[in-house]
Amino acid sequence: MTNPARRLPPNESAVTEPAALPDATPVTLNEDVLIDDARRLEMTWRDGGGLWGWLTTVDHKVIARRYIITAFLMFIAGGLEAGMMRMQLARPENTFLGPDRYNQIFTTHGTTMMFLFAVPIMTAMGLYFVPLMVGARSIAFPRLNAFGYYTYLMGVIFLYVSLFLNMAPDAGWTAYVPLSGPEYSPGHRVDVWAQLVTFTEIAALAAAVNIIVTTFKMRAPGMSLNRIPLFVWAQLVVAFMIIFAMPAVAIASTLQLASDRAIATHWFNPAEGGDALLWQHIFWFFGHPEVYIIFLPGLGFITPIVETFCRRRVFGYTAIVLSNITTGFFAFGLWVHHMFATPIPELGQSLFTAASMMIAIPTGVQIFCWLVTMFSGRPRLTTAMVLILGFFITFVNGGLTGVMLASVGFDKQVHDTFFVVAHLHYVLLGGAVTPLFAAFYFWFPKVTGRLMNETLGKWQAWLFIIGVNLTFFPMHILGLNGMPRRIYTYLSQTGWGPLNALVSAGAVIIVVSVTLFIVNAAMSWRSGLLAGANPWDSYGLEWATPSPAPSYNFLNTPVVLGRHPLWDTGSPLPVVTGLRTDRREVLVTTTFDAQPDHRHKHPTASIWPLIMALVMAELWIGSIFTPWAVLGGVGLTLLCMLGWGWQSTAETDVERVATEGRIVEAA
Amino acid sequence: MARGPRCVEHARRASRRVASGILAVAVAGCAGSQNVLDPAGPPNRSVNHLFWAMLIVSSIIWVAVVVAALWALISRRRRTREDLEPVVIVPNERHRREVGIVTGLVGATVVILLLFLVYDFTVGRALAERPSRTLTIELIGHQWWWEVHYIDPDPSKLMVDANELHIPAGEPVQVKLSSQDVIHSFWVPNIIGKRDLIPGYTSSLFLDADKPGVYHAQCAEFCGLEHAKMALPVIVHSRADFTAWLAEARSPAAEPSDSSAAEGKKIFLAGTCSSCHAVTGVEAYGTIGPNLTHIGSRRTIAAGTLPNTRGNLGGWIVDPQSIKPGARMPSNQLAGKDLRNLIDYLETLK
């Protein structure tokens, strides 16, 4: 850990009066006091060093950084799998991968990208930046946060160990029954999938709860609901979507599919009165919102980047917030458009056609708002802005094919073909991954204290845009030419060979681009230009603290007087004082107006999140082999909960005895 | 069932397609056309109109948005690294104009979507119509082949076939879909969009083709190991040809005339073949594998995987696992002479 005094920037020493708080006493603190405060805060908030400290830390930035890095490694793993698939499909009747291996690879690719890369990296960006953007000392439930990460990590290890044991799932990331049922997928491959989903659900739910409570209760004074940064709004909407969507897949995979497979229930077995279509309904009730869970945070990255580099406050803040919320609601009313080929009555299908077209409206509103913002600002073409341009090129294409797919007649022609593969990659790579790369360039200095190389960055950005379009555009044509998805080979007389070769060539460009990014990130992390607190002269609260942010995030809690704090009031920001520096304390504010409400004692480092994650991993992985593992696991989990709760209680007691006098004094 | 002319006809169609559509990629060989953009019947033709209409409008929107983004980024671009004072929004004339522009664009989006919706509903309504039909065919999905039943009001005239679908042109044929194992999906790109075959459900669609020819259907729902090799040639005959074909196909398998084929028949019945495969009119009743009553006249074997040649048939019998790994058919170690006799027999099953 760094010496706290060195982290203190000189311009943070002056403190103006907290104008937003009528009954607070104005204070002026001199530099000595502040350096003293910084040192004490660092002592209080820093988690221990060494291996033990590494395993027990609950600092949201440390946990989120691990989360982001792990998820990015999963992006690389999923990308390598995609590369293997492209090698196999590059020419007709290729023999690089047999059907058994190919099916494992494509299932692992989809599962990795959806469950282990896209959702975790988006929530991890929220876990890192939401507390910083709302001016909080930490996240609402730091131990839960660490538990979420470790659970996710167990899932990652579980899937990849299975892959190398030739035990990776092979029924598609959608795991349709009865193919994924006990009769047609004997062995443990699909069990791995069903339980892997459980790991990621728990992790996502933990993150969602954290983001919601942090946003609602820990905002800086003055940051009323209508001043919340749009990044945080997107994360908030997504967190609510996770809470409503994830339980659906939990029921489908953990309760129903796993019990069909492990203890011979018959939820999905038509021979015993079960229903094979039930799976698709429950799965897509989760699966469709999942898409928006992935790309709404992507849209959330765009606004601050556009505002910062165009030097203009975003046009239509309220419209964008309402668009996010509307998208969140509509997302739950579209799932049947994944099932147009099933025997669902036409009248019912037309409702979902209308809903699927309607969801283009809120997304359109956001795009128009950004265009107007760009037109009336003075844009600078940084790497992040090039990637935003890539977002327009790629995502709008995916959105428009999405509108086309809403049509039942057309969808039945291209459903389950490469056209849909093209569409979904356009939406996810264009709407989520391209803005994610832009976000990496934009916030990298905040995380590491150093800027990324812009020249390499622009090469990477353009190669990525070209690679994505070259890879996925021909897939539209392949789909129309009759190529179904999830096939491990095709005959040469189909005529699909040349376009597939082109697609595979495009994939090579993506690989080059991502490699450039990794090189750039590694080099910049070691020896990039020093960034300072606010290298882009941006406006958010995260830029009001040094880069990287200290363990306590902010020396004093800032006070917010507008939507663009650093642009509205300039640096340094007004602050509130009064939070104790000798123990971990956070300021809790009211949900709507963010008026200071009370101070809350904050948890310290703990080993229990890790132990709990290990125990639950034992429960889920063991349940694949014997139902008895569930009983054992539940017992151990209860013990862990005791330990976890005991630690919290014990700390509170000690604290009360030790600090009673001072509390009275303070009052 | 002349095969030659169909090839010529196919080549002619392929050349027309290349000339007419930029997106249409020619399909070589006689495997049959498999292309959404080359409609062979009214339903897919109306879907094609819808597709092209949506594609043109969408392309215009895409170009407009990308050009707008590029224009904004380039025309008002700053070349300096110096950061300007951020623009403050004030409710002036310019801001009101921006509000007007965005409102207008959103309004246009709503109108375009409504037009798409109405057009789609019109097409969907036409597709969902239940025409009066003369013929019903049952299609049953298996891992990884298709069982086909030509239904007749007279149950004795039921004709069971596999891995090839024959229909008459110019009249809607009802196809009833069901599955024996996992979910499959029936899709003839040139004729009609997909319909899933879901165990526990029966659904149906109407095949309405008006251009005779060979088309290629393929399973579109991932159904396990050999999902890639589960195709189904669909042969659209003129009405007269179809009637003749069906009448001939209904007759039981003819007794082999030459001695080699007669020997092959014995091998077929005595060996493992008949425990899985049926041949109408012969003591072979297996239902695990495809019905072989007409294997001799099929264009392909192994569900559209290989052209039906003598060599391929022999290779398939001896070592199916290297052609279609995971297929239910086991390897059959036969002496060279036995294999030749067996193939001779299978080739008589027209």
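Angles between helix axes under 35 degrees count as roughly parallel, those over 145 as roughly antiparallel, those from 65 to 115 as roughly perpendicular, and the rest as oblique. This briefing applies that scheme to a predicted model and then turns to the contact between chains A and B and to an open sheet in chain B.

**Helices α6 and α19 of chain A**

- Helix α6 (residues 142–164) and helix α19 (residues 608–625) of chain A have axes that come within 8 Å and cross at roughly 40 degrees.
- α6(A) and α19(A) are therefore oblique to each other.
- The crossing in which α6(A) passes α19(A) is right-handed.
- On the side of α6(A), the contact is made by R143(A), A146(A), F147(A), Y150(A), T151(A), M154(A) and F158(A).
- On the side of α19(A), the residues include W608(A), L610(A), M612(A), M616(A) and I621(A).
- By class, this contact of α6(A) with α19(A) has 13 nonpolar residues, one polar and one charged.

**Helices α5 and α6 of chain A**

- The axes of α5(A) and α6(A) come within 12 Å, and their crossing angle is roughly 165 degrees.
- These two helices, α5(A) and α6(A), are therefore roughly antiparallel to each other.
- α5(A) and α6(A) cross in a left-handed manner.
- Q104(A), T108(A), T111(A), L116(A), P120(A) and L127(A) of α5(A) meet N145(A), Y152(A), G155(A), V156(A), L159(A) and L163(A) of α6(A) in this contact.
- The contact of α5(A) with α6(A) has seven nonpolar residues, five polar and no charged.

**The contact between chains A and B**

- Chain A gives 78 residues to the contact, and chain B gives 76 residues.
- Several helices of chain A each supply at least two residues of the side that touches chain B, among them α5 (99–133), α9 (276–310), α13 (383–405) and α16 (454–480).
- The largest share of that side of chain A, twelve residues, comes from α12(A).
- By class, the side of chain A that touches chain B has 44 nonpolar, 22 polar and twelve charged residues.

**The open sheet of chain B**

- Five strands of chain B form an open sheet in the order β3-β2-β1-β5-β8, with mixed pairing.
- β3 (159–162) and β8 (203–207) of chain B stand at the edges and each have a single partner strand, so one side of each is left without a neighbour in the sheet.
- From one strand to the next, the twist averages 25 degrees.
- Strand β5 (residues 173–179) of chain B pairs with β8(B) in the antiparallel sense over five bridges.
- The bridge partner of K176(B) in β8(B) is S204(B).

Key: Residues numbered from 1 in each chain as written. Chains lettered and ligands numbered in written order. Predicted model: local features only at pLDDT ≥ 70, side-chain atom pairs only at ≥ 80, totals over all residues. Axes fitted to C-alpha atoms, helices over the stretch in contact; angles between N-to-C directions. Helix = DSSP H or I, 4+ residues; strand = E, 2+ residues; numbered from the N terminus. Left-handed = near helix turned anticlockwise from the far one by under 90°. Contact = placed C-beta atoms within 7 Å. Nonpolar A, V, L, I, M, F, W, Y, C, P; charged D, E, K, R; others polar. Pairing = 2+ DSSP bridges.
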